[in-house]
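Let's take a walk through the empty spaces of this protein, then stop at one threonine. Have the model open and follow along.

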Amino acid sequence: MTSGVDPMRSLNSLLNRLELDEYRVPPAQIYGKLVRVTGLLLEVTGCPLSIGQRALVEVGKESWLETEVVGFNQDRTFLMPLEQVTGLFPGARVSPQEGDSELVVGPALLGRILDGLGRPLDGLGPLEGERISLHQPPLNPLERQPIKTPLDVGVKAINGILPLGRGQRIGLFAGSGVGKSVLLSMMTRFTDADVVVVGLIGERGREVAEFLQHTLGEEGRRKAVVVVAPADVSPLLRLRASQVCHRIAESFRDRGKHVLLLMDSLTRYAIAQREIALSLGEPPATKGYPPSVFTQLPQLVERAGNGYNSEGSLSAIYTVLVEGDDHNDPIADAARAILDGHIVLRRDIAEQGIYPAIDVSASASRVIPLICSAAQIRQIQQFRRYYSLYQQVRELIPLGGYQAGHDEEMDKAVTLFPQMLEYLQQSSRQGANLQQTQALLQELMEAGNK
């Protein structure tokens, strides 16, 4: 006696259920294994990873540490964490991550403070905007827009004697405690750029809070995006923060905005790269800096500058911390070679109470012929000439060793120097626009020609 159930129908039903179950089975996940930890270097085996790829390392139940691949040796891959290392254990699982790191960009970033991964630190809620890749291929140098328009940074000594152009990259060279952070804050508040991106790389945590609250202030923060990676974070996160602030600046430039990027400091970026390279066993070359440091510096700096869009620009000012006031430090020397000019702050000038403590005779802007008229160039050269002549006799004047009447040009330099010194000084809370600065310089030099 046969049952009322159709065998073929039962078989088809079973096959359909198996087919549905097949789609419910998750794809196989390949995990690596953590086999060694040396300092900040994590050694992994068992999974294929490429340089620059992200990976998650298990640090507890349902907890993972984000890392990045920095090297390999045969079957071992070297990772470095982006966050503070806690909870690592032998044999921890390592999960490779596909895809590139992404950032949120757009006008909503103005006034926000981000960490080295592009996450908000200010407690003002999640970021809203377009998501873009952290990395961008290098620009074709022949298709970049030329530098032809002055950049008003609101500082008399720079606008008048060391004028900058939109798209220029310049270094601010100074030792510790000479006033570079105050000068950066002045340019943040007084520049005529549409957007200011500030990267605080390797700063002490106390200085970060002071810069945001007192130096930058509410006025400066309204048109600024601040990226912070203090000295106590991993060197890889300091490198990532430098890339993040450049990528944010690039995104605003490509939207047709005039952007000023202020990065403090390029030296600490180089120190972070040195820490990573030495951990990987790269031999030191110049004063402890491995060769890869001098490869990474131009790759970072070349991301700044003008792009393909004629309506936007990206000017950049990098602070360079000269150790022991040695301006021939390897990083300072390399930075001068790859930047479009340098502004030198000297300790002896700051000790005289002269701020900003800019040494105009040791500073230079390489784009002056592109953005200044012939008359302005003559005035700048004349000012620098008088300033240099006065420095030659500065120590002789109090001793009575200088006698007027022997050199007419030297006499003019000594007579005009108090007015020149007044021209170079400026309160940190008072800006000076480009037209006003140039008019004052013209008036000063005309007085010297009488």
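Helix H5 is a good place to start: with five residues, H5 provides the largest share of the lining of the largest pocket. Keep in mind as you look around that this is a predicted model. The pocket itself holds about 860 Å³ of space, and 29 residues line it. H5, which spans 235-254, has company here, since strand E4 (63-73), helix H6 (266-279) and helix H7 (291-301) also give two or more residues each to the lining. If you want to find the middle of the pocket, look for His135, Gln243, Tyr269, Gln296 and Gln299, the lining residues nearest its centre. As for chemistry, the lining of this largest pocket breaks down into 14 nonpolar, eight polar and seven charged residues.

Now move over to the second largest pocket, with about 480 Å³ of space. It has 26 lining residues, and those closest to its centre are Gly179, Lys180, Ser181, Val182 and Glu207. Two elements, helix H3 (180-190) and helix H4 (205-221), give two or more residues to this lining. By class, you'll find 10 nonpolar, nine polar and seven charged residues around the second largest pocket.

What about enclosed space? A general idea helps here: roll a probe the size of a water molecule over the atoms, and you see where empty space is left. In this model there is one cavity of 30 Å³ or more, and its space comes to about 50 Å³. Lining it are Asn159, Gly160, Pro163, Cys372, Gln376, Gln379, Ile380, Gln438 and Leu441. Helix H11 (374-393) is joined by helix H2 (156-161) and helix H13 (434-448) in supplying at least two residues apiece, and H11 gives the most, three. The cavity lining has no charged residues, with four nonpolar and five polar ones making it up.

Finally, drop in on threonine 319, which sits in strand E16 (residues 313-321). Is threonine 319 buried or exposed? Its relative accessibility is 0%, so it counts as buried, the cut-off for that being under 20%. The side chain of threonine 319 makes a polar contact of 2.6 Å with the side chain of aspartate 264. Leaving aside residues up to four places away in sequence, threonine 319 touches Leu172, Lys180, Leu184, Met263, Asp264, Ser265, Leu266 and Thr267. One of these takes you back to an earlier stop: Lys180, a contact of threonine 319, is also among the residues closest to the centre of the second largest pocket.

Note on methods: Residues are numbered from 1 along each chain as its sequence is written. This is a predicted model: local features need pLDDT of at least 70, side-chain atom pairs count only at pLDDT 80 or more; totals for chains, interfaces and linings use all residues. Side-chain values use heavy atoms; hydrogens and water are left out. Helices (H or I, at least four residues) and strands (E, at least two) are DSSP runs, numbered from the N terminus. Buried means under 20% relative accessible area, exposed over 50%, partly exposed in between (1.4 Å probe, protein chains only). A polar contact is a pair of N or O atoms within 3.5 Å; within protein, one must be able to donate a hydrogen and the other to accept it, and residues adjacent in sequence count only if both atoms are side-chain atoms. Contact means heavy atoms within 4.5 Å. On a 1 Å grid over the protein atoms alone, a cavity is a set of points where a 1.4 Å probe fits but cannot get out, and a pocket is an open set with protein on both sides within 12 Å along at least five of seven lines; lining residues have an atom within 4 Å of a point. Grid points are joined across faces, edges and corners, and a volume is the space filled by probe spheres set on the points. Ala, Val, Leu, Ile, Met, Phe, Trp, Tyr, Cys and Pro count as nonpolar, Asp, Glu, Lys and Arg as charged, and the others, Gly among them, as polar.
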